[in-house]
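Please open the model in your viewer and keep the selection panel at hand. The tour below goes from one selection to the next and says what is found at each stop.

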Amino acid sequence: MRPYAALAFLVSTLGFSAAAFDCKKAQVAGFEYDLSPLSHDIYVVHNQTTHPTITSTKYAINPCAPLQTEPDAVPKIDRCPDNAWVCRSVTNYKEDRPRVTEVGAVAGAAKNDQPTLQATTSGSDKPKEFLWKMAGAQVDGAKWATDIKFICNANAKNDDLPKLVNFHDGLLELEWAVPAACALGGDNGGDKEKTPKDDNNNEQDKESGGFFSTVFTLLVSGFVLYFVLGVMYRYLVVRTSGMDLIPNRAFWQEFPYLCADFGQHVWDSVSGRRRGGYSVV
């Protein structure tokens, strides 16, 4: 049975690898994400003045599929490689005359290359951040790769561009805070910013809660102080003992009956059952 089990596992693994990456139903730590609003070519450009020229580095990014083929007007040597999901091109401008000096795939090299999604999660919490990782081409002995940190931000727009963090030793690092990076289904916790109205309501709740808490604390403290001082007075001054140590003992013995009478009076007043006359003693 072992050879058959190993064969079945190999077939399932190959089948999983060959399956197309579904951006609309991306799975991260058991949660589903819809990245399809980002399924188009996106460009991030960084310009640097290098007198007497300007060096422009452009990153073409599509987190859901390989980049679209560039038009025939672009020389083939200046185009992004086929099957690239993220492409880096460097153009040097001098007196408005462009010259492409570098083009390479930072993510995606072969036809079946696909990204992997990784997240660190605790228990059943939905990841607020996850990594989109994909290897690229081999350039000068170094393996290029792309790491995109997706951040859940329900207040942003899916049209917002990713932030270029770093490109060093062939590793491109980006941060992308968009609603598409929020898990589907239910509230995503602290993604939405609080409005001034929410803050005012919270402050009012805290103030009202603090007032009643203070009054209750004062009442309890006053009762305890009254009881302790009363017992001390009756023990040291009046020289009593036992139940007679209770201050105003007669009142506290009658207190339950007074409460019962008061409750009955209120109930009769509310229910309309109160009537005049004498009560039988």
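Why is strand 4 largely enclosed by the rest of the structure? Seven of its nine residues are buried, so the rest of the structure largely encloses strand 4; buried here means under 20% relative accessible area, with exposed over 50% and partly exposed in between, for a 1.4 Å probe and protein chains only. Strands are DSSP runs of E with at least two residues, numbered from the N terminus.

This is a predicted model, in which local features need pLDDT of at least 70 and side-chain atom pairs count only at pLDDT 80 or more, while totals for chains, interfaces and linings use all residues. Residues are numbered from 1 along each chain as its sequence is written, and side-chain values use heavy atoms, with hydrogens and water left out.

Select residues 53–61, which are strand 4, and then add strand 3 (42–50). The two strands pair in the antiparallel sense over nine bridges, where pairing requires that DSSP finds at least two bridges between the strands. Together strand 3 and strand 4 form a hairpin with two residues between them. Within this pairing, Thr50 has Thr53 as its bridge partner, and Gln48 stands opposite Thr55.

Next, add strand 5 (86–94), which runs antiparallel to strand 4 and is joined to it by eight bridges. Stay on Thr55, whose bridge partner in strand 5 is Asn92.

Now widen the selection to the whole sheet, which is open, has four strands in the order 3-4-5-6 and pairs in antiparallel fashion. Its edge strands are strand 3 and strand 6 (97–107), each of which pairs on one side only. Neighbouring strands are turned by 15° against each other on average, direction ignored; the angles, on a scale from 0 to 180 degrees, are taken between N-to-C directions of lines fitted to C-alpha atoms.

Which residues of the largest nonpolar core should be selected for having the most contacts inside it? They are Leu35, Ile61, Phe130, Trp132, Phe150 and Trp176, in a core of 31 residues; such a core is a set of buried Ala, Val, Leu, Ile, Met, Phe, Trp, Tyr and Cys residues joined through side-chain atoms within 4.5 Å. Among the elements that give two or more residues to this core are strand 3, strand 4, strand 6 and strand 11 (171–178), and strand 11 gives the most, with four residues.
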